[in-house]
Amino acid sequence: MRGVVSAGMASALERRRLLDCFDLVVGTSAGALNAAAFLAGVVEGCLAAYHAAFATRSFINPYRLLIGRPAIDVAFTLDPVDGRLDPARHSRTGASPIALHCIAVDVDTAVASDLTDLRSEEDLRCALLASSRMPWIGGGPIEFRGRRWLDGGLAEPIPHQVAVRLGATHVLVLMTRPLGVSRTPPPRLANRIIERRLRRLNPALVELLHRRTSDPRASFVYGLRLAHGGPEVGQLERRPAVLEAAGRLALEHAAAVLDAAGVATATAAPNS
């Protein structure tokens, strides 16, 4: 649910029609979901859904763990939930000339991989589910293209290096934690269960879990993030007011940064 922050930032880009300024879009987990919405032109609808449909037990329900079912149902977010998230959005993402790269971890090799060339809706859905399949609370691995996949955040929570390897000369990173706030591990019991599940799949995944890093550092990488004291949204946050406030603040912050940089609204192309 921290994705509400990057959705707010992406919404500021969408409002200024800046999509065509990018040659490729790379995302991990919620970032991949927001990236797909950005390419489809529905980030604003996605942002609204975070504090509406996504903030319900249909998406997140920890009590499902008690009956052996995943607490998080990411597939729910891929189905139309209101008029602003139309059924054709997945087709627009797949048809976009700007490539979407979803980062997921290969269970058998414990290596982050780039899932791309997602032209069919089925391929897109599988890649998004693979990139966001959190261990244990999200369910078992996703099978796609003959491999098993888990959340890309195990290895590449902020996949700026993937963009660089793909040839990016300048990278804009939308970060979900405010300045001064680092990643915190899950509660001890949950962490032990997650480690046990990962160890059964591949012991190397446990090592991956503990060595992942988060802060991009390069002169041509610009990390856009909220200031010190900004809202810290939990992964399982469901309070609509908290989510709405965080998304609005992220949108306003990104808009202010764009204003300060002198970035104007792009002129719409003919017939666009």
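## Exercises on a predicted model

R196 sits in helix α7, which covers residues 188-201. Keep in mind that this model is predicted.

**Exercise 1.** Work out which patch on the surface R196 belongs to, and whether R196 is buried, partly exposed or exposed.

*Solution.* Start with the helix: R196 is part of α7. Next, check the cover. The relative accessible area of R196 is 42%, and partly exposed means between 20% and 50%, so R196 is partly exposed. Finally, look for its partners: R196 gathers with R188, R192, R197 and R200 in a patch of positive charge on the surface.

**Exercise 2.** Decide how the rings of Y50 and F54 are arranged.

*Solution.* A ring pair is described by the distance of the centres and the angle of the planes. The structure holds three aromatic pairs. For Y50 and F54, the centres are 5.4 Å apart and the planes stand at 80 degrees. Planes over 60 degrees apart count as edge-to-face, so that's what this pair is. Both Y50 and F54 are buried, and together with F59 they make up one aromatic cluster.

**Exercise 3.** Find out how enclosed helix α5 is.

*Solution.* Take α5, residues 121-131, and count: eight of its 11 residues are buried, so the helix is largely enclosed by the rest of the structure. Among the buried ones are L124, R125, C126 and A127.

**Exercise 4.** Place G152 in the fold and say whether it is buried or exposed.

*Solution.* G152 lies in the loop between β5 (147-151) and α6 (160-165). Its relative accessible area is 0%, so G152 is buried. Now check C102: it is 50 residues from G152 along the chain, and their C-alpha atoms are separated by 8.1 Å.

Conventions:
Residues are numbered from 1 along each chain as its sequence is written. This is a predicted model: local features need pLDDT of at least 70, side-chain atom pairs count only at pLDDT 80 or more; totals for chains, interfaces and linings use all residues. Side-chain values use heavy atoms; hydrogens and water are left out. Patches are made of residues with over 30% relative accessible area and no salt bridge: like charges are joined within 9 Å, nonpolar side chains (Val, Leu, Ile, Met, Phe, Trp, Tyr) within 5 Å. Accessible areas come from the Shrake-Rupley method with a 1.4 Å probe; for residues, only the protein chains shown count as cover. A salt bridge is a side-chain nitrogen of Lys or Arg within 4 Å of a carboxyl oxygen of Asp or Glu. Lys and Arg count as positive and Asp and Glu as negative; His and the chain ends are not counted. The place of a charge is taken as NZ of Lys, CZ of Arg, CG of Asp or CD of Glu. Helices (H or I, at least four residues) and strands (E, at least two) are DSSP runs, numbered from the N terminus. Buried means under 20% relative accessible area, exposed over 50%, partly exposed in between (1.4 Å probe, protein chains only). Rings of Phe, Tyr and Trp (its six-membered ring) pair if their centres lie within 6.5 Å; planes under 30 degrees apart count as stacked, over 60 as edge-to-face and the rest as tilted.
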